[in-house]
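User: I'm new to this one and would like a close look at a single spot. Here is what I have in front of me.

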2 protein chains.
Amino acid sequence: MQRRSFLKKTGLGLAASAAAVAAPAVHAGEPKVKWRMTSSFPKSLSILYSTAELLANRLREITDGNFDIRVFPAGKIVPSMGALDAVERGTVDMCHTCSYYYTDKNKAFALGTSIPFGMNARQFDSWVMEGGGQKLLDEFYADWNVYSFLGGNTGVQMGGWFRNRIETVRDLHGLKMRIAGLGGDVMQQLGVVPLQLPASALYSALEKGIIDAVEWIAPHDDEKLAFHKLVKHYYAPGWWEPGPAVHFYVNRLQWNKLPKSYQAAFRSAAREAHIYMYSLYNRRNPEALSRLLQAGVHLETFSQDVMKRAWEAAMDLYADERRKNSAWAKIYPEYNRYLRLISAWFCISEYPYDRFIYSMR
Amino acid sequence: MQRRSFLKKTGLGLAASAAAVAAPAVHAGEPKVKWRMTSSFPKSLSILYSTAELLANRLREITDGNFDIRVFPAGKIVPSMGALDAVERGTVDMCHTCSYYYTDKNKAFALGTSIPFGMNARQFDSWVMEGGGQKLLDEFYADWNVYSFLGGNTGVQMGGWFRNRIETVRDLHGLKMRIAGLGGDVMQQLGVVPLQLPASALYSALEKGIIDAVEWIAPHDDEKLAFHKLVKHYYAPGWWEPGPAVHFYVNRLQWNKLPKSYQAAFRSAAREAHIYMYSLYNRRNPEALSRLLQAGVHLETFSQDVMKRAWEAAMDLYADERRKNSAWAKIYPEYNRYLRLISAWFCISEYPYDRFIYSMR
């Protein structure tokens with residue numbers, strides 16, 4: 001960890017409000033900047049992958065081609081889950097990835113994406129953008145030598161695919177399930193054997209019985225991965241991923257070398273990419289769900305029993321993590337305080353509206 | 001209307017995908033462009049007003065000051081509700097306003113902001129950005145010589161302030177209420193006398209009994225306007241404004257003169273401004289609601305009886321409008337088709353998640 005301390009001491013560990021950083025001495029009008037971005041996603045997962053391309057395309061348009069970011073799909077130059085390490089080391093200048101892919105380094109990485117029973121997409125946006133979340137997350141990410149920028153959200157995910165119906169917690173016992181982030185830790189408390197596998201391995205693992213159940217994202221992507229050809233029970237809601245954010249991570253040294261005008265363009269284009277992904281998932285999921293139902297998929301809802309046991313396991317996990325993990329102890333209480341406050345507003349405003357509307361249709 | 005036909009024929013009525021427009025001949029590197037934007041909001045409504053400033057500031061940063069938009073508050077050079085006319089005529093280059101302020105020109109203007117029992121903010125974003133809504137709206141706005149860009153959303157609003165409790169539709173009878181957009185038409189069917197007044201006139205009108213009830217936005221702005229000092233019954237949800245968007249309108253001639261790089265910067269910065277407003281409202285409303293409750297405000301929910309009667313009146317209004325208004329007949333069926341499809345997805349994904357979460361807190 002010496003290197004990380006060094007990075008902090010040399011001042012690269014500045015807070016994220018980097019637009020305030022003085023223009024670097026190299027700034028001279030419209031310099032040519034060529035960056036490489038590795039994506040954690042394959043091209044076939046088109047909404048995820050195209051979000052990185054949108055950022056790159058827009059920056060080329062804004063700068064008349066001078067700020068040129070080349071995007072590489074997962075595995076082309078860096079493995080899917082190696083994206084953060086590659087940016088930290090400077091192998092690439094930036095990446096597009098999920099913070100919670102790195103919970104083996106520290107469980108607090110989950111707080112950058114989504115946690116079981118945590119904020120939904122719009123609550124999380126509000127916390128990161130306006131509620132102090134960006135600063136807390138970037139202080140944490142400083143140990144990995146990156147600045148973070150929201151780079152999409154899938155919206156609340158589905159609860160995954162199961163061979164048989166899950167009526168009680170007992171039905172989860174011994175199931176081998178591909179599940180990401182802290183959802184896996186919570187499911188483990190309910191008797192599941194959680195496994196983390198990349199998208200490309202999932203169909204075959206389910207077909208061969210290496211896993212009994214799988215969660216990936218939601219109808220649009222799940223349909224592409226064709227799980228419905230193998231198992232029929234499709235559960236909602238994905239209580240462990242209520243609003244998963246995707247991130248752009250940028251190497252701090254490279255960021256600080258950018259002219260201020262490019263930094264400003266990057267901020268705006270990243271926001272555009274962020275809302276693009278969320279809107280496009282909301283556009284594509286309904287159609288895909290329709291097709292899946294026509295193909296004979298059984299739509300199921302987790303029982304209150306399963307949800308409540310999962311809730312208790314999650315709260316135990318958070319309490320435990322708070323005792324032993326200083327990063328978690330710093331970020332989570334703020335996250336939770338914000339969630340409580342904003343929930344009090346949402347449950348008297350958008351929730352009764354939605355309830356009425358769905359009851360009428 | 002001859003002038004409008006002329007504008008269409010000369011090709012200014014192009015579809016909104018203006019990034020595809022060929023770079024104008026005047027494009028020469030980084031030209032100085034000075035624009036004036038009139039806001040429909042006063043500086044005191046800080047979230048609304050600062051959204052226009054954010055766009056202007058970011059564009060100056062991105063272009064090193066070359067694309068310079070000066071923002072004027074409501075009434076400084078153009079009256080609040082005169083913003084669209086001023087952009088159409090070219091008195092100003094652009095404005096920041098609400099589409100439904102112009103329903104006296106055509107009720108279809110409401111479809112650009114929000115309609116009773118319509119889409120929530122994230123459904124509307126998805127329709128406009130990815131579901132064909134932008135094209136439909138811009139074809140409509142072409143008659144007013146503007147391109148439209150999403151410029152914020154308040155999220156679901158509150159149902160307003162009343163002197164007495166509203167238990168049945170009978171309690172609405174004869175009430176003089178400040179209410180905007182098509183909500184006023186629906187309320188009129190329930191016996192209300194709807195009035196449209198600007199923010200600055202509301203407190204005094206309520207104090208003097210010129211109005212008996214008032215809806216503005218939600219806790220953050222309503223608290224600033226101090227309605228709680230006059231009346232105590234604060235209703236939710238604002239079923240006539242489930243996700244009101246605010247828009248930037250740009251004069252088509254001025255837009256087409258911009259270099260492509262400035263158009264690209266504008267698109268990204270507008271997206272940033274859009275999500276900024278929504279996130280900041282979500283940040284500030286919970287705190288303001290807390291303070292209002294501490295000040296003795298009674299939080300109330302519209303009864304199912306009132307909501308259902310309003311729903312019926314709204315559906316009648318839409319059917320009627322479809323018969324007599326060709327713009328409505330073109331846009332609304334697409335809007336409604338999208339709403340039905342996306343609701344089927346939301347009510348099995350985010351709705352059961354939210355229901356569970358709010359039941360546990």
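Is A:Thr113 buried or exposed? Please also tell me what surrounds that residue.

Analyst: Happy to. A quick note on the ground rules: this is a predicted model, where local features need pLDDT of at least 70, side-chain atom pairs count only at pLDDT 80 or more, and totals for chains, interfaces and linings use all residues. Residues are numbered from 1 along each chain as its sequence is written, chains are lettered from A and ligands numbered from 1 in the order in which they are written, and side-chain values use heavy atoms, with hydrogens and water left out.

Now to your residue. A:Thr113 is buried, with a relative accessible area of 1%; buried means under 20% relative accessible area, exposed over 50%, and partly exposed in between, using a 1.4 Å probe and protein chains only. As for where to find it, A:Thr113 sits in the loop that runs between strand E3 (94-97) and helix H4 (121-130) of chain A. Helices (H or I, at least four residues) and strands (E, at least two) are DSSP runs, numbered from the N terminus.

Who are the neighbours? Leaving out residues up to four places away in sequence, A:Thr113 touches A:Cys98, A:Ser99, A:Tyr100, A:Phe124, A:Gly243, A:Pro244 and A:Ala245, where a contact means heavy atoms within 4.5 Å. A:Ser99 deserves a second glance: its backbone nitrogen lies 3.1 Å from a polar atom of the A:Thr113 side chain. A polar contact is a pair of N or O atoms within 3.5 Å; within protein, one must be able to donate a hydrogen and the other to accept it, and residues adjacent in sequence count only if both atoms are side-chain atoms.

Stepping back to the whole chain, A has 13 helices and 11 strands. Its radius of gyration is 21 Å, close to the 21 Å that the globule rule gives for 361 residues, so chain A is as compact as a globular protein of that length. That radius is taken over C-alpha atoms, and the rule is 2.2 Å times the number of residues to the power 0.38. The C-alpha trace of chain A spans about 65 × 45 × 40 Å along its principal axes. Of the 361 residues in chain A, 64% count as buried, and A:Thr113 is buried too. Among contacts in chain A with a separation of 6 or more, 78% come from residues 24 or more positions apart.
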